[in-house]
Amino acid sequence: MKRLYNASILFVLALSIFLSGCATNQKLSDVDRKRIDVVKVNDKVEKVPQMFYFGPGAAIGLMFGAIGGAIAGAANIGPGEELLAFAEKNGVRIEEIVSQEFNEALRKSGKVKIVDSQGTKAATINVSVTQFGFSVPHGFSSILVPIVSIKCELIDVDGKVLWIGNDRVLPLGNPVEGIPADEMRQNAKAIESAWRGASKHIVTNIINEL
């Protein structure tokens, strides 16, 4: 049992490293900070086409084999696609959640003045969801925690990228309380709550660095 537990921990560590990828941040220079006082936020939040899923029904038995093969084989398969279809059928969309949470957090921060008109000539913040889905927090779990990664870019009126902010939540140390997989398959509000909690945490971190 101890060997299985250790293997589970190693697997989740490897999964977290795999999910973390390589995201580059770019700080806003003091010069640009002084000249950019008004921004607009792009209404359209882009997202990756596939949802990541590693949980019940996703060949968890593979985790005790080759870790690399388990990660490759467990992501984006049937159960995840079904969960995403269920969520979207009930009006739960990660891009809308991220848009709402980012706009609210940016307004509350008071760091810049926001104009609502998309036709206004002003610097633009583009927001994208570079990864989203669900994973078990460890190999022996039947609960799911949200996997979300968000990227923000501030672009001036000439198209120059002035600032890039990235942040994410992973299986280990996830700030959102896990939800049983069976409950999530039957309750779209649980999916929304998990993604919203993760998105709120992420955008707060990103805006703090703006």
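**Strands, a helix and charged pairs in a predicted model**

Let me begin with one charged pair: Glu153 and Lys151 form a salt bridge, with their closest N and O atoms 3.6 Å apart. Please keep in mind throughout that we are looking at a predicted model. Lys151 is partly exposed, because its relative accessible area is 27%, and partly exposed covers the range between under 20%, which is buried, and over 50%, which is exposed.

Lys151 also leads us into the strands, since Lys151 in strand 6 is the bridge partner of Ser128. Strand 5 and strand 6 run antiparallel and are joined by 11 bridges. Both strands are mostly covered, for in strand 5 there are 11 buried residues out of 13, and in strand 6 there are 10 buried residues out of 13.

What else pairs with strand 5? Strand 1 runs parallel to strand 5 and is joined to it by 3 bridges, and here you can find Val41 standing opposite Ile125. Strand 2 is also parallel to strand 5, with 2 bridges between them, and Glu46 stands opposite Ser128, the residue that we have just met as the partner of Lys151. Strand 3, which is made of residues 52-54, is likewise parallel to strand 5 and has 3 bridges to it, with Phe54 opposite Ser135.

If we now follow strand 6 to its other partners, we come to strand 7, residues 161-169, which pairs with strand 6 in the antiparallel sense over 8 bridges, and in this pairing Ser149 stands opposite Arg168. The hairpin of strand 6 and strand 7 has 5 residues between the strands, and Gly159 in that hairpin takes a positive phi near 90 degrees. Strand 6 is further joined by 2 bridges to strand 8, residues 179-180, and these two run antiparallel, with Ile179 of strand 8 as the bridge partner of Leu144.

Which residue does Arg35 meet in a salt bridge? The side chain of Arg35 meets that of Asp156, at 3.2 Å from N to O. This pair links distant parts of the chain, because Arg35 is in helix 2, residues 30-35, while Asp156 is in the loop between strand 6 and strand 7, 121 residues apart. The two ends also differ in how they are covered: Arg35 is partly exposed, as its relative accessible area is 43%, whereas Asp156 counts as buried because its relative accessibility is 8%.

Let us turn to helix 5, where we can do a small check together. Helix 5 has 16 residues, and at 1.5 Å a residue they should span 22 Å, so the 22 Å found between its end C-alpha atoms agrees with that expectation. Just after helix 5, Gly110 takes a positive phi of about 70 degrees. Among the buried residues of this helix are Ile94, Glu95, Glu101, Phe102 and Leu106, and what covers the buried residues includes strand 1, strand 2, strand 5, strand 6 and helix 7.

Glu95 deserves a slower look. Glu95 lies in helix 5, residues 94-109, and although Glu95 is buried, it has no salt bridge. How far away is the nearest side chain of opposite charge? That side chain belongs to Lys47 and is 4.5 Å away, which means that it lies beyond the 4 Å allowed for a salt bridge. Leaving aside its neighbours within four places in sequence, Glu95 is in contact with Val45 and Lys47.

Glu101, by contrast with Glu95 and its missing salt bridge, belongs to a network of salt bridges with Lys189, Glu192, Arg196 and Lys200. Within this group, Glu192 and Arg196 form a salt bridge in which the closest N and O atoms are 3.1 Å apart. The two residues are 4 residues apart in helix 7, so they are separated by about one helical turn. More generally, an α-helix has 3.6 residues a turn, so residues three or four places apart point the same way. A search of the whole structure finds 11 salt bridges.

I will finish with the nonpolar core. The largest one has 52 residues, and those with the most contacts inside it are Leu106, Phe134 and Trp195. Helix 7, residues 188-208, gives the most to this core, with 10 residues.

Methods. Residues numbered from 1 in each chain as written. Predicted model: local features only at pLDDT ≥ 70, side-chain atom pairs only at ≥ 80, totals over all residues. Heavy atoms only, no water. Core = buried A, V, L, I, M, F, W, Y, C linked by side-chain atoms within 4.5 Å. Buried < 20%, exposed > 50% of the residue type's maximum accessible area, 1.4 Å probe, protein only. Lys, Arg positive; Asp, Glu negative; His and termini not counted. Contact = heavy atoms within 4.5 Å. Expected span 1.5 Å × (residues − 1). Pairing = 2+ DSSP bridges.
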